[in-house]
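Reader: I would like to go through this structure with you step by step. Could we begin with the general picture and then turn to the details?

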Amino acid sequence: MAEAAQLADVAQQPTSSIDKIRLDSNDGQQFIVSRKAAELSKTIKTMLADLDGETSLECGIPLPNVDGATLTLI
């Protein structure tokens, strides 16, 4: 239940284009989400930390084990 409250808080916060990232699914779909929402996933948070701030909407984060139907739920 606390996780749902976190998601609601993140969804209501204003974001600039710098705070958004692109997630690329294994079936070629692209999703633009807030960085804070994406960082609720420990895996994505680690990937973003490894990129050292080099993320932008242009390069995206490839998620080879996640399909578009799953990312739609974010």
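Reader: What share of the contacts with a separation of 6 or more comes from residues 24 or more positions apart?
Author: Residues at least that far apart supply 54% of the contacts in the chain with a separation of 6 or more. Please keep in mind that this is a predicted model.

Reader: How many helices and strands are there?
Author: The chain has four helices and three strands. Read from the N terminus, the order of elements is α-β-β-α-α-β-α.

Reader: And what percentage of the residues is buried?
Author: Of the 74 residues, 24% count as buried. The chain exposes about 5,200 Å², and 54% of that area is supplied by carbon and sulfur atoms.

Reader: Let us turn to the sheet. What is the strand order?
Author: The three strands form an open sheet in the order β2-β1-β3, and the pairing is mixed. Strands β2 and β3 are at the edges with a single partner strand each, so one side of each has no neighbour in the sheet.

Reader: Which pairing is parallel and which antiparallel?
Author: β1 (residues 20-24) pairs with β2 (residues 30-34) in the antiparallel sense, over five bridges. The pairing of β1 with β3 (residues 61-62) is parallel and has two bridges.

Reader: What connects β1 and β2?
Author: The two strands form a hairpin with five residues between them. In the turn, glycine 28 has a positive phi of about 90°.

Reader: Which residues stand opposite each other in that hairpin?
Author: Leucine 23 stands opposite phenylalanine 31 of β2, and aspartate 24 has glutamine 30 as its bridge partner in β2. Aspartate 24 also has a bridge partner in β3, namely proline 62.

Reader: Is β1 mostly covered or mostly open?
Author: β1 is mostly covered, as four of its five residues are buried. Arginine 22 lies in this strand, and its relative accessible area is 12%, so it counts as buried.

Reader: A buried arginine, then. What does its side chain meet?
Author: The side chain of arginine 22 forms a salt bridge with that of aspartate 24, at 2.8 Å from N to O. Aspartate 24 is at 16% relative accessibility and therefore also counts as buried.

Reader: How many salt bridges are there in total?
Author: The count comes to two. Besides the pair just described, glutamate 39 and arginine 35 meet through their side chains at 3.0 Å, N to O. Here glutamate 39 is partly exposed at 25% relative accessibility, and arginine 35 is partly exposed at 26%.

Reader: Back to glutamine 30. Is it buried or exposed?
Author: Glutamine 30, in strand β2, has a relative accessible area of 51% and is therefore exposed. Leaving out residues up to four places away in sequence, glutamine 30 touches Arg22, Leu23 and Asp24.

Reader: And how far is glutamine 30 from glycine 60?
Author: The two are 30 residues apart in sequence, and their C-alpha atoms are 8.3 Å apart in space.

Reader: What about serine 34 in the same strand, β2? Which backbone atom does its side chain reach?
Author: The side chain of serine 34 reaches the backbone nitrogen of alanine 37 at 3.1 Å. Serine 34 has 14% relative accessibility, so it counts as buried.

Reader: Now the nonpolar core. Which residues make up the largest one?
Author: It has ten residues: Ile21, Leu23, Phe31, Val33, Ala38, Ile44, Leu48, Ile61, Leu63 and Leu71. The elements that contribute two or more residues to this core are β1, β2 and α3 (42-50). As a general point, nonpolar side chains in soluble globular proteins tend to be buried together.

Reader: One last item: what does alanine 38 contact beyond its neighbours within four places in sequence?
Author: With those neighbours set aside, alanine 38 is in contact with Ile21, Val33 and Ile44. These three residues are also listed in the largest nonpolar core, as is Ala38 itself.

Technical notes. Residues are numbered from 1 along each chain as its sequence is written. This is a predicted model: local features need pLDDT of at least 70, side-chain atom pairs count only at pLDDT 80 or more; totals for chains, interfaces and linings use all residues. Side-chain values use heavy atoms; hydrogens and water are left out. Two strands pair if DSSP finds at least two bridges between them. A nonpolar core is a set of buried Ala, Val, Leu, Ile, Met, Phe, Trp, Tyr and Cys residues joined through side-chain atoms within 4.5 Å. Buried means under 20% relative accessible area, exposed over 50%, partly exposed in between (1.4 Å probe, protein chains only). Contact means heavy atoms within 4.5 Å. Accessible areas come from the Shrake-Rupley method with a 1.4 Å probe; for residues, only the protein chains shown count as cover. A polar contact is a pair of N or O atoms within 3.5 Å; within protein, one must be able to donate a hydrogen and the other to accept it, and residues adjacent in sequence count only if both atoms are side-chain atoms. A salt bridge is a side-chain nitrogen of Lys or Arg within 4 Å of a carboxyl oxygen of Asp or Glu.
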